[in-house]
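User: I would like to learn how to read ligand shells, ring pairs and burial from a model of this kind. Could you take me through them step by step?

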Amino acid sequence: MLVVIVGPMFAGKTTELIRRVERQMIAGKTAVIFKPALDSRYDASSVVSHNGLKLRAFVVPSDEDGVRIIEREGAKYDVVAVDEIQFFPPSLAEVLDRLAYGRLVVAAGLNLDYKGEPFETTMRAMAYADKVVSLTAVCKVCGRPATRTQRLIGGKPAPADGPRILVGGAETYEARCRRHHEVPGRGIRP
Ligand code: ADP
Ligand code: TMP
Ligand code: MG
């Protein structure tokens, strides 16, 4: 069984991943959580949510080597969880799909980057999923459900020519709804 948890930043993806893994551990299952090495926020060897929940994690490189480690090591457990799947190459999706025969796989990832463009690995994992859990955050402008992530540089919306990967938290990102998500320089939208 493959469960994919998706949404913008602050939607509660990591919280939900930890909750699902903990329940399995209480039921006596062996479980492992993987996370990409480039996400060094808060703690290098734990998965940590924005509200401080924490579970020990197996840190792997965010490249094909990391994907191979997840496939090999994950096969030794009843439950395999992977956080921040958007940072791994798209080949992770096939590995998650293969691991999901015979064990529970729970994967969490960002739906869209700061420009509003889909993360390929998350899209691919969603296509293989038995269940997609789509979460929303709260828009920091209007308080309605937020499906997008606003990148802010010096308090202003970041232009579209920045790097795709920029690890950060509330100092650089805000949850926003469709109406309030802004990408300067991207042109006029309908
Ligand atoms: P994710 O992994 O999706 O970024 P986390 O599980 O790490 O989310 O954090 C979710 C928590 O973030 C919420 O429970 C809440 O305490 C906090 N939070 C901060 N800003 C927001 C926001 N704009 N909308 C919703 N939750 C927020
Ligand atoms: P989160 O979903 O657990 O909040 O973590 C998302 C991470 O992804 C965080 O480190 C910021 C990073 N990120 C990017 O690298 N590029 C982006 O376009 C966005 C929106 C987030
Ligand atoms: Mg998270």
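**Reading the ligand shells and the rings**

Analyst: Helix 1 and strand 9 (137–138) each supply at least two residues of the shell around ligand 1, and helix 1 gives the largest share of that shell, 3 residues. Please keep in mind throughout that this is a predicted model.

User: How many residues surround ligand 1, and which are the closest?

Analyst: A residue joins the shell when one of its heavy atoms lies within 4 Å of the ligand. For ligand 1 that gives 15 residues, the closest being Phe10, Lys13, Thr14, Thr15 and His50. Sorted by class, the shell of ligand 1 holds 7 nonpolar, 6 polar and 2 charged residues.

User: Which polar atoms lie 2.8 Å, 2.5 Å and 2.7 Å from oxygen atoms of ligand 1?

Analyst: Here the idea is to look for pairs of N or O atoms within 3.5 Å. An N or O atom in the side chain of Lys13 is 2.8 Å from an oxygen atom of ligand 1, and one in the side chain of Thr15 is 2.5 Å from an oxygen atom of this ligand. His50 takes part through its backbone, where an N or O atom lies 2.7 Å from an oxygen atom of ligand 1. As for cover, ligand 1 taken alone exposes 580 Å², of which the protein buries 74%.

User: What does the shell around ligand 2 consist of, by class and by closest residues?

Analyst: The shell of ligand 2 is read in the same manner. It counts 19 residues, with Lys13, His50, Tyr114, Arg164 and Leu166 as the closest, and by class it comprises 8 nonpolar, 5 polar and 6 charged residues. Among the elements that line ligand 2, helix 1 (13–26) and strand 11 (148–153) each supply at least two residues.

User: Where do the polar atoms of ligand 2 find partners in Lys13, Arg151 and Leu166?

Analyst: It helps to separate side-chain partners from backbone partners. In the side chain of Lys13, an N or O atom is 2.8 Å from an oxygen atom of ligand 2, while in the side chain of Arg151 such an atom is 3.5 Å from a nitrogen atom of the ligand. Leu166 contributes a polar backbone atom, 2.8 Å from an oxygen atom of ligand 2. Taken alone, ligand 2 exposes 480 Å², and the protein buries 99% of that area.

User: What lies over the face of Tyr114?

Analyst: For a charge over a ring, one checks both the distance to the ring centre and the position relative to the ring normal. Arg151 lies over the face of Tyr114, 3.7 Å from the ring centre.

User: How many aromatic pairs are there, and why is the pair of Phe34 and Phe58 called tilted?

Analyst: Two rings pair if their centres lie within 6.5 Å, and planes that are neither under 30 degrees nor over 60 degrees apart count as tilted. The count comes to 1 aromatic pair. The ring centres of Phe34 and Phe58 are 5.2 Å apart and their planes stand at 40 degrees, so this pair is tilted. The pair links distant parts of the chain, 24 residues apart, since Phe34 is in strand 2 (residues 31–36) and Phe58 in strand 5 (residues 58–60).

User: Is Phe34 buried or exposed, and what is the case for Phe58?

Analyst: Buried means under 20% relative accessible area. Phe34, at 0%, therefore counts as buried, whereas Phe58, at 31%, is partly exposed.

Terms used
Residues numbered from 1 in each chain as written. Chains lettered and ligands numbered in written order. Predicted model: local features only at pLDDT ≥ 70, side-chain atom pairs only at ≥ 80, totals over all residues. Heavy atoms only, no water. Phe/Tyr/Trp six-rings, centres within 6.5 Å; stacked < 30°, edge-to-face > 60°. Helix = DSSP H or I, 4+ residues; strand = E, 2+ residues; numbered from the N terminus. Buried < 20%, exposed > 50% of the residue type's maximum accessible area, 1.4 Å probe, protein only. Lys NZ or Arg CZ within 6 Å of the ring centre and 35° of its normal. Polar contact = N/O pair within 3.5 Å; in protein donor to acceptor, adjacent residues only side chain to side chain. Areas by Shrake-Rupley, 256 points an atom, 1.4 Å probe, with all protein chains shown as cover. Nonpolar A, V, L, I, M, F, W, Y, C, P; charged D, E, K, R; others polar.
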